[in-house]
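Welcome, and please open the model in your viewer. We will go from one selection to the next and look at what is there.

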Amino acid sequence: MSDLKHSPGLRGHVTGRDLGCGVTVLFVTADEVGKGPKLHWHPYDELFVIRRGRARFTVGEEVIEGGPGDVIRGPAHVPHRFEVIEAPYEAQDIHLNETWIQTDIED
């Protein structure tokens, strides 16, 4: 998907389809507090592995703050988003699927 390269905060990706496995990894960075994706969901689980900075995640009805070393799970079909609360923010988002599929809820 060529549009992956143009998503805000996305610095690169490796699809499981390209590697012959069922995992896609996105490399996400943000240099500003308040940045983050729109509320969305995936038809598979997603794991957020935070390397630097802090973010506030909304996963369904739960709000979770995470920082370096934390792993946060976004279950399949559960709306989720995050907002950077300490920049710079760096994370690997692991999509447990061979491709990245996302349905945005917010405009």
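A residue counts as buried when its relative accessible area is under 20%. Keep that cut-off in mind, and note that this is a predicted model.

Begin by selecting Phe 82. Is its side chain buried or exposed? Its relative accessibility is 5%, so Phe 82 counts as buried.

Now add Phe 48 to the selection. The two rings make an edge-to-face aromatic pair, with 6.1 Å from centre to centre and 75° between the planes. Colour the strands to see where the partners sit: Phe 48 belongs to β4 (residues 46-59) and Phe 82 to β7 (residues 80-95), so this contact ties together parts 34 residues apart in sequence. Phe 48 and Phe 82 are both buried.

Stay with Phe 82 and bring up Tyr 89. Here the ring centres are 5.2 Å apart and the planes meet at 35°, so this pair is tilted. Tyr 89 has 0% relative accessibility and therefore counts as buried.

Next, show Phe 57 as well. Ring pairs join Phe 48, Phe 57, Phe 82 and Tyr 89 into a cluster. The model has four aromatic pairs in total.

For the last stop, move to β6 (residues 71-74). Which side chains point to which face? Ile 72 and Gly 74 point to one face and are buried, whereas Val 71 and Arg 73 point to the other and are not. Show β4 again beside this strand: β4 and β6 pair in the antiparallel sense over four bridges. Finish on Leu 47, which stands opposite Arg 73 in β6.

Note on methods. Residues numbered from 1 in each chain as written. Predicted model: local features only at pLDDT ≥ 70, side-chain atom pairs only at ≥ 80, totals over all residues. Heavy atoms only, no water. Phe/Tyr/Trp six-rings, centres within 6.5 Å; stacked < 30°, edge-to-face > 60°. Helix = DSSP H or I, 4+ residues; strand = E, 2+ residues; numbered from the N terminus. Buried < 20%, exposed > 50% of the residue type's maximum accessible area, 1.4 Å probe, protein only. Pairing = 2+ DSSP bridges.
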